[in-house]
Amino acid sequence: MKIQKVGVVGAGIMGSGIAQVFAMNGFDVVLHDISEERVQKGKSAIEKSLGKFVEKGKITAEVSQAIVGRISTTVSLESFADCDLVVEAASEDIKLKKELFQQLDRIVSKTAILASNTSSIPIGTLAAATSRPAQVIGMHFMNPPPLMRGVEVIRSDATSDATDRAVVELVKQLGKSPVRSRDRTGFVANRILIPMIREAILALEEGVAERDDIDRCMVDCCNFPMGPLALADLIGLDTCQSIMKVMADGLKNERYRPPQLLNTMVKDGKLGRKTREGFYDYRS
Ligand code: NAD
């Protein structure tokens with residue numbers, strides 16, 4: 001099937017970035033969130049990001065304008081009726097995502113594909129909430145979507161070959177590299193990344209080292225591009241916490257459970273870069 005119009009649910013860090021990637025590649029995009037304020041925040045983030053591409057001479061101001069022009073915003077899921085593909089990028093919550101998949105299934109055309117950008121929730125669980133499990137797939141973009149090359153593609157037991165082929169081709173068309181994972185809680189990326197972030201938080205909580213030394217250890221000693229605490233701030237501490245809960249429950253293993261320090265920071269509204277305060281302070 002030919003994918004021309006794409007809907008994106010959730011205009012947060014990932015949804016806005018995913019909408020930008022599609023629009024940069026010529027697709028018409030509808031970006032959705034629960035309030036006008038949130039969709040506009042997402043659209044501003046896209047404009048800011050495109051501004052950096054212009055500053056670096058990667059695109060012209062005219063091209064940037066044309067990209068923005070391909071993105072419309074909505075607070076109603078009904079606007080997805082004529083989309084060929086919807087990528088769900090709402091908060092990492094099983095109940096919420098199941099409800100969204102149920103609603104989307106009712107709204108979009110019979111041929112449309114429903115994808116989720118979930119970090120950790122098995123795709124089969126979301127597919128089961130729809131009448132079209134063969135057309136449900138995981139499309140796990142990395143943060144920030146316009147810059148990161150890899151996209152995990154996750155098919156559930158019910159995903160059809162046609163859906164899988166269409167999405168793998170689409171990922172390539174976006175200039176990105178599809179990476180396979182089976183449909184297991186956390187997939188590959190977070191199965192490996194999240195325990196590392198969790199250990200870094202525990203190391204801080206237990207006083208093994210100070211924040212900067214924990215991050216510098218992984219950067220300078222292990223050659224990582226950024227430290228795990230800085231990465232947690234980039235992902236969003238609420239999202240890290242949600243992924244850990246999904247993994248602890250889904251993999252039935254307490255070693256994935258969120259540490260107390262993380263729970264306290266989330267409770268205090270320190271969510272990382274998105275609130276300008278997390279393990280680091282971004283307020284100045
Ligand atoms: P975020 O908190 O920045 O944004 C989530 C958005 O979802 C919010 O704007 C919120 O208003 C919206 N939302 C909540 N309920 C909704 C509903 N019913 N309908 C529409 N929108 C709704 O979170 P994010 O980082 O963008 O994460 C979104 C998804 O992407 C999650 O599943 C997350 O696990 C996944 N993900 C995150 C990262 C990351 O680094 N942050 C990377 C890959 C995947």
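These are legends for a set of close-up views of one predicted model.

**View 1. A patch of positive charge on the surface takes in Arg273.** Six residues gather here: Lys48, Lys52, Lys56, Lys58, Arg273 and Arg276. Take Arg273 as a landmark: look for it in the segment that comes after helix 11 (260-267). Arg273 counts as partly exposed because its relative accessibility is 43%.

**View 2. Ser120 has a polar side-chain partner in Glu92.** Find Ser120 in the loop that runs between strand 5 (113-116) and helix 5 (123-127). Is Ser120 buried or exposed? With a relative accessible area of 0%, Ser120 is buried. The side chain of Ser120 makes a polar contact of 2.6 Å with the side chain of Glu92.

**View 3. Asp212 and Arg211 pair up in a salt bridge.** The whole structure holds 20 salt bridges, and here is a close look at one of them. The two side chains, Asp212 and Arg211, meet with 2.7 Å from N to O. Asp212 has a relative accessible area of 38%, so it is partly exposed. Arg211 is also in the partly exposed class, because its value is 27%.

**View 4. Asp220 and Arg216 form a salt bridge within helix 8.** Stay with helix 8 (residues 211-221) for this one. In this pair, the closest N and O atoms are 3.5 Å apart. How far along the helix are the two residues from each other? They sit four residues apart, so about one helical turn separates Asp220 from Arg216. As for the surroundings, Asp220 is exposed because its relative accessible area is 53%, whereas Arg216, at 47% relative accessibility, counts as partly exposed.

**View 5. Asp249 meets Arg257 in a salt bridge, and another set of charges forms a network.** For Asp249 and Arg257, the side chains come together at 3.0 Å, N to O. Both partners are partly exposed: Asp249 with 48% relative accessibility, and Arg257 with a relative accessible area of 27%. Then there is the network, where salt bridges with shared partners link Arg155, Asp161, Asp164 and Arg180.

**View 6. Thr163 is a buried residue that reaches a backbone oxygen.** Thr163 belongs to helix 6 (residues 161-173). Its relative accessible area is 3%, so Thr163 is buried. What does the side chain of Thr163 reach? It gets to the backbone oxygen of Ala134, at 2.8 Å.

**View 7. Glu206 lies in a loop and is exposed.** The loop in question connects helix 7 (189-205) and helix 8, and Glu206 is found between the two. Glu206 has a relative accessible area of 57%, so it counts as exposed. How many residues along the chain lie between Glu206 and Leu261 in sequence position, and what separates their C-alpha atoms? Glu206 and Leu261 are 55 residues apart along the chain, with 9.8 Å between their C-alpha atoms.

How values were computed:
Residues numbered from 1 in each chain as written. Predicted model: local features only at pLDDT ≥ 70, side-chain atom pairs only at ≥ 80, totals over all residues. Heavy atoms only, no water. Patch = residues over 30% accessible without salt bridge, like charges linked within 9 Å, V, L, I, M, F, W, Y side chains within 5 Å. Areas by Shrake-Rupley, 256 points an atom, 1.4 Å probe, with all protein chains shown as cover. Salt bridge = Lys/Arg side-chain N within 4 Å of Asp/Glu carboxyl O. Lys, Arg positive; Asp, Glu negative; His and termini not counted. Charge placed at Lys NZ, Arg CZ, Asp CG, Glu CD. Buried < 20%, exposed > 50% of the residue type's maximum accessible area, 1.4 Å probe, protein only. Polar contact = N/O pair within 3.5 Å; in protein donor to acceptor, adjacent residues only side chain to side chain.
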